[in-house]
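Reader: I am new to this structure and would like to understand how its descriptions are reached. May I ask about the terms one at a time?
Author: Certainly; please begin with the structure itself.

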Amino acid sequence: MIQLKTPQEIQGMRTPAKIDAEVLSIVRQNCVEGVTTYDLDRIAVEETLKRGGNPTFKGYRGFPASLCTSINQEVVHGIPSKKRVLKSGDVIGIDFGVTYNGFIGDHAITVPIGEVSEELEQLLKVTEEALLNGIEAARPG
């Protein structure tokens, strides 16, 4: 069941969503060849705490990290690791949530690493366009 939010609750959701987006922007900038998914997780934690938020996923049902990181064909909710090193041609999906004043912001991004194939580049472009078209078409009710 969907619970409708009050205007005050919607306003309360804005700050964690903003923090989440800011942190993911920094994480995206660090998605380069040679970085580990563990490194990305540490960056996310540090940047979230600087902004007064808390990483939502860490500890949720035993999840051991703050980011969910999935490389290439991996299914969502991959666990960051010092052994998972990004390389050119990879694509990483990152899901991240921030809790702030009892509200949660949650976003996911997909980031190509270095040079990716034309086919993958086209897939990323088309899926982003589909997402934006879906958002534009969404209406209350």
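Author: A residue is called buried when its relative accessible area is under 20%. In this predicted model, 33% of the 141 residues of the protein count as buried.

Reader: Why is Asp90 called buried?
Author: The relative accessibility of Asp90 is 3%. The cut-off for a buried residue is under 20%, so Asp90 counts as buried. Asp90 is found in the loop between β2 (67-71) and β3 (91-100).

Reader: Which residues does Asp90 touch, beyond those up to four places away in sequence?
Author: Asp90 touches Ile71, Asn72, Val85, Val111, Pro112, Ile113 and Val116. A contact requires heavy atoms within 4.5 Å.

Reader: What makes the pair of Asp90 and Lys87 a polar contact?
Author: A polar atom of the Asp90 side chain lies 2.9 Å from the backbone nitrogen of Lys87. The limit for such a contact is 3.5 Å, so the pair counts as a polar contact.

Reader: Which elements make up the protein, and in what order do they run?
Author: The secondary structure comes to 3 helices and 4 strands. From the N terminus on, the order is α-α-β-β-β-β-α.

Reader: Why is the protein called as compact as a globular protein of its length?
Author: Its radius of gyration is 16 Å, and the globule rule gives 14 Å for 141 residues. The two values are close, so the protein is described as being as compact as a globular protein of that length. Along its principal axes, the C-alpha trace spans about 45 × 35 × 25 Å.

How values were computed:
Residues are numbered from 1 along each chain as its sequence is written. This is a predicted model: local features need pLDDT of at least 70, side-chain atom pairs count only at pLDDT 80 or more; totals for chains, interfaces and linings use all residues. Side-chain values use heavy atoms; hydrogens and water are left out. Helices (H or I, at least four residues) and strands (E, at least two) are DSSP runs, numbered from the N terminus. The radius of gyration is taken over C-alpha atoms; the globule rule is 2.2 Å times the number of residues to the power 0.38. Buried means under 20% relative accessible area, exposed over 50%, partly exposed in between (1.4 Å probe, protein chains only). A polar contact is a pair of N or O atoms within 3.5 Å; within protein, one must be able to donate a hydrogen and the other to accept it, and residues adjacent in sequence count only if both atoms are side-chain atoms.
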